[in-house]
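Ready to poke around a protein chain? Grab a pencil and try each task before you read its solution.

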Amino acid sequence: MPSPSTRGTLLFAKSKVYVHPTSSAKDNIPGFIALVRPPGGAEKDILLAWIPESQMRTSEIAAYSKVDLNMDDGLSTREVLVPVPTFASISSYAFAVPLHRIYSIMLRPPSLGWWWGSVIIHTRSEDVIPALFFHDAESQSTILQQKMRNKTFTPFAQDGDLFWGGDQFMKYLRKYTIVEKSTFEQRLYLINPDPDDLLSFTPPNARVEKVNDESLSRIIKDARWNVLERLARVTRFSRRAANDVIGNSPPAVRAMLNVPEVRQLGDDFDSARVYLAKWAMSISEEAERNKTKIVWTDVVGDQIGSMAGDILSVDDRVERRNEVSREEWKAFFDASGRLCVTVSEVKERVFHGGLSRDVRSEAWLFLLGVYPWDSSQIERQSIMAAKRDEYFRLKRQWWDDIDRQQIDTVWKDQRNRIEKDVHRTDRNVPLFAGEDTPHPDPDSPFANIGTNVHLEQLKDMLITYNEYNKSLGYVQGMSDLLSPIYAVVQDDAVAFWAFVGFMNRMQRNFLRDQSGMHRQLLALDNLVQLMEPQLYTHLEKADSTNFFFVFRMLLVWFKREFKWDDDLRLWEVLWTDYLSSQFVLFVALAILDKHKDVIMEHLEHFDEVLKYMNELSKTIDLEETLTRAEVLFYRFQRTVDAIDRKNKEPSNSASFPTTPRSNHPSMNGHMGIGLPDKTLPLKPEAGKVIISDVLRELLSKDIIVVNDTIPMEEYES
C-alpha cells in the first residue's frame, strides 16, 4: 500500500471517460477523469488526471466511484485519499497535469451524429494528451444527474445544450481555477489566462453570433472538431502556436504548417500565425470550396467574344517618369504656399515618378493627410504646432504615470512587445544600427545590450500610439510601418502624426480576427480568377488559393519584398490613390503575372509556391512591377466596363456558367476566418453577369478606413 505521503485528496471524479486510440470501438479504453490535490498542495498544484481502469486497484475504483456518485450530495472529499496519479508512459495514455500548466480546454458536447461529448486539453509545455470521450450512457453519476434534471424539467446546461458529463467536470474545475470562455471560439475555455490571452480570445466588446447548428453547418463543425482532435498537441490556438502541429494532422494542414517559410513568417508577424491557425481550423472553407469552383472556362471565353477586342486591342503602354525634384515640387505652390495646380495633377506626377529624397519629408505629410491640400504655408505651420503639442500631451500621459508603468501588467506587456519589435526592425539601416547609448531602463531585457536614440524614439512613438488608439493598440508589424516614416522626417512628433495617417488606412490589416486581411485576400482571389484564370486553376491544383504566400506582402505593403529605397518609392506611389485606393492588390497581381509561367510549369505544391515567392525578396524590380500593375489595372477596368455595357444591352440574356453558391451561414453578409471565401468574380443575376462587390471596390479611389476605432476582435469588414 502507498504511504500516506504519496496519497492525495480526491476532489472530483467522473467514470466512463474513454480514450479512443483507434476508430474501432473494441480498442476504446475506459477510465476516470479526476481532480486530485497532492499532499500540502495549493490550488494551482491540483492535478487534472485521467487514469485507465486497467491500472487501478479494486479499492481505488471504489474510492473514485464513491466520489463520482456523491459529488452533488454534499459529500466531503477531505477524507477520500487516493494515490497521487502520475504522467505515465505514452502507451498507457494516463496523464496528470497541474492546473497551472494547463493553457486551454476545448469542449464538444454530444449531438446528433456524435454520441459522445469530448474534451481536448492543451498544456503550456505541449504535453501529448489524448482527447477524452464521455460515455454518459455508461456513467452512473451522469445518468442520475440527467434523471434528476428531467424530473425538475431542467434537462439543459447553462449554455442551452443538453446536460452531459463535461458540464459537471467544468463546474468543479471552476472551483479551483480561473476559467474564461472565448468569445470567438465558443468551445474554447482559457485556464488562468494572462492579459495577452484575454485580449486575443475574450475582448470585452466582441459580438458573437450563434450559428445555426443544423445540416451543413453541423457537419462543418464536426469536421472542424476532427482537426482539433488531431491538433491536440498544440499548446495554444493563438499567435504562439500555429507553427507547431503534430505529424498526424490532416495532409493539407500538415503540409502548410510545417513548411519552413511558414514558420519564419509566423516568427516575423504574430498576425500571420493567427491567420494560419484559424485557416487550419476552418474546415468550413473546404466545404464551401467544393461548391464554388473557378468559373472562368472556355465557354466563358467564347461568351465574352465581342468584348475581347475592346479589352485587348487598346495600347497598354504606360510611361514611368523621372522623380519629382525639389524645384518641381516648389513650382506646385504659389507665393503663399497654396497649391496652384490640381491635387490630381500632383498625384499623377508622384504616381508615375515618385519623389526625390529632399521632397519626401514635406510631400509625405500631404499624402498622409497631416496637411490639407488646400492649406497655406502659415496654416500648415499652425497645424503642425498644434499637432506637436498634442503629441507631447499624449506622450506625457504614460511618461509621467509612474504607477501605471510599475503596476499595470497589460501596459507593461505592450511596452515590452514594442521594445522587442523595435530592436529587430530595420537594424541594417544605418539610422537604426548600433547600440551606442546606455539603456534608460535597467529592467529592460536590452539593458545589457544598449540602444540608440532613434530606437528609443521609435519605441516612444509606438507606446504613444498605443495610448492614442487604445482600442487598436499596438500590433506586431506596426514598427515596420513606422520606421521608414521616421527615417524620412527624423522628427518624432511629425513622424507620429504621419504614422497616424498611414494607420488610418492600414488599421484593417491589424484586426485580430484578420477580417481586413481576409477581405483583401478575397479580392485578390477574385482578381486572379478574372485576370489570370489559367494561373488560378494551377494554384487550385497546388492547394495555394488561400493566397497565404502574399499575406506578408499585403500586411506591411511589400516591406520585405523590395529594397529600402524601393519601399519608400512604392509607398508614396500607393499613397496617391491615383488609380485605386487598393492599387496594392494590382502590385501583387503584377508580381504573380510576371512569374506565372514559372509557377505553372515548375511549382506543383503549396510549399513550393510559398518558398518561391518568399525567395523573390529583394530581387523584384520596382519600376517594371509598377508598369505591369498599371497595365493590369487598365485591362481590369476595361473588362468591367465591357461587362457593364453588355449588361445594358436590351437583348442581353446571356450569362456565364457558374456553380451555384450555398447558403452557408458564413456567407450571409459575414466573412469566415481563414481561406478566402470563394466568392465568384462573375455571377449571374437576372440573366446578366454581375461583377462581384469586392472586384468593383477596386475601381474606387476612396480609402477604406475603419471609421470607429473598435477592438480588433470586433471589426467586421
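Below are four short exercises, each with a worked solution.

This is a predicted model, where local features need pLDDT of at least 70, side-chain atom pairs count only at pLDDT 80 or more, and totals for chains, interfaces and linings use all residues. Residues are numbered from 1 along each chain as its sequence is written, and side-chain values use heavy atoms, leaving out hydrogens and water.

**Exercise 1. The whole chain**

Task: Find out how many helices and strands the chain has, and what share of its residues is buried.

Solution: Start with the secondary structure: there are 27 helices and twelve strands. Here helices (H or I, at least four residues) and strands (E, at least two) are DSSP runs, numbered from the N terminus. Next, burial: 55% of the 717 residues are buried, meaning under 20% relative accessible area with a 1.4 Å probe, protein chains only.

**Exercise 2. A strand and its partners**

Task: Work out which strands pair with β7, and whether its faces are covered or not.

Solution: First, locate β7 at residues 117–123; seven of its seven residues are buried. Then check each side: Gly117, Val119, Ile121 and Thr123 cover one face's list, while Ser118, Ile120 and His122 belong to the other, and both faces are covered. Now look for pairing, which takes at least two DSSP bridges between two strands. Strand β6 (residues 102–108) runs antiparallel to β7 and is joined to it by six bridges. Strand β8 (residues 132–134) is antiparallel to β7 too, with three bridges. Finally, zoom in on Ser118: Arg108 stands opposite it, and in β8 its bridge partner is Phe133.

**Exercise 3. Two helices that meet**

Task: Describe how α23 and α26 are arranged, and which residues meet.

Solution: Take the axes first, which are lines fitted to C-alpha atoms over the stretch in contact, with angles from 0 to 180 degrees between N-to-C directions. Those of α23 (residues 564–575) and α26 (residues 622–648) come within 10 Å and cross at roughly 25 degrees. That makes α23 roughly parallel to α26, a label for angles under 35 degrees. Last, the contacts (heavy atoms within 4.5 Å): Asp566, Arg569, Leu570 and Val573 in α23 meet Leu622, Glu623 and Leu626 in α26.

**Exercise 4. A helix and what follows**

Task: List the buried residues of α21, then find the residue with positive phi that follows this helix.

Solution: Go along α21 (residues 533–541): Pro533, Leu535, Tyr536, His538, Leu539 and Glu540 are buried. Then step past the helix to Asp543, whose phi is positive, near 55 degrees.

How values were computed:
Angles under 35 degrees count as roughly parallel, over 145 as roughly antiparallel, 65 to 115 as roughly perpendicular and the rest as oblique. Buried means under 20% relative accessible area, exposed over 50%, partly exposed in between (1.4 Å probe, protein chains only).
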